[in-house]
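Q: I should like to learn how to read the features of a protein model. Could the teacher take me through them one at a time?

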Amino acid sequence: MDVIALIGRILLVLVFLGSGTTGHIGQRKGMAQYASSAGIPAAEPLVVLSGVMIVVGGLMVALGVWGDLGALLLLVFVLATAFLIHAFWKFADPHQRMDQQVHFMKNLGLAGGSILAFVLFAGLGHDLGLTITGPLFDLR
């Protein structure tokens, strides 16, 4: 089961590692323009900061280094992104609205996965297996 849990952790964070490195950091100008268009102030520094946050959080979950904290970092990112960037209810065009609703719902799904990862790390601690450290928050 330890290997299956590790595979699940890696699959969960692949989207964060790719988006953080390639998108937020690698294409920060374009991402900042998109964030600005959604009304985000100081978009470029926040895009870079959020990119670092999801890469670090993703690595923490994948490697099992304070994975509970890493899961919380991912949770904060996906909830903020869902409600601030993918606010589908603000779009009049039905195609844009549908596209943003898909992204919004995807982020809610990732939020659920992040909450489950937090509970697993904080609840099972070292019993989760194949982790480098135990949890930062011990809920047992």
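Q: Is R28 buried, partly exposed or exposed, and what is its relative accessible area?

A: The model is a predicted one. A residue counts as buried under 20% relative accessible area and as exposed over 50%, with partly exposed in between. R28 has a relative accessible area of 36%, so R28 is partly exposed.

Q: With which side chain does R28 meet in a salt bridge?

A: The general idea is that side chains of opposite charge can pair when their charged atoms come close. Here the side chain of R28 meets that of E44, at 3.5 Å from N to O. R28 belongs to helix α2 (residues 28-37) and E44 to helix α3, so this pair ties together parts that lie 16 residues apart in sequence. E44 is itself partly exposed, with a relative accessible area of 27%.

Q: How many salt bridges does the count give?

A: The count comes to two salt bridges. Besides the pair already described, K29 and E44 meet through their side chains at 3.4 Å, N to O. This pair links distant parts of the chain, with K29 in helix α2 and E44 in helix α3, 15 residues apart. K29 has a relative accessible area of 56% and is therefore exposed. Together, R28, K29 and E44 are linked in a network of salt bridges.

Q: How should one read a helix, and which residues of α4 are buried?

A: An α-helix has 3.6 residues a turn, so residues three or four places apart point the same way. In the present case, helix α4 spans residues 67-84 and has 18 residues. From its first C-alpha to its last, α4 reaches 25 Å, close to the 26 Å expected at 1.5 Å a residue. The buried residues of α4 are G67, D68, G70, A71, L74, L75, F77, V78, T81 and A82.

Q: What covers the buried residues of α4?

A: The cover includes α1, α3 (43-63) and α5 (94-124).

Q: Which residues form a nonpolar patch on the surface?

A: For such a patch, each residue must have over 30% relative accessible area. V3, I7, I10, L11, L14 and L130 form the nonpolar patch, and together they have about 550 Å² of accessible area. One of them, L14, is found in helix α1 (residues 2-25). With a relative accessible area of 48%, L14 is partly exposed.

How values were computed. Residues are numbered from 1 along each chain as its sequence is written. This is a predicted model: local features need pLDDT of at least 70, side-chain atom pairs count only at pLDDT 80 or more; totals for chains, interfaces and linings use all residues. Side-chain values use heavy atoms; hydrogens and water are left out. Patches are made of residues with over 30% relative accessible area and no salt bridge: like charges are joined within 9 Å, nonpolar side chains (Val, Leu, Ile, Met, Phe, Trp, Tyr) within 5 Å. Accessible areas come from the Shrake-Rupley method with a 1.4 Å probe; for residues, only the protein chains shown count as cover. A salt bridge is a side-chain nitrogen of Lys or Arg within 4 Å of a carboxyl oxygen of Asp or Glu. Helices (H or I, at least four residues) and strands (E, at least two) are DSSP runs, numbered from the N terminus. Buried means under 20% relative accessible area, exposed over 50%, partly exposed in between (1.4 Å probe, protein chains only). The expected span of a helix is 1.5 Å times one less than its number of residues. Contact means heavy atoms within 4.5 Å.
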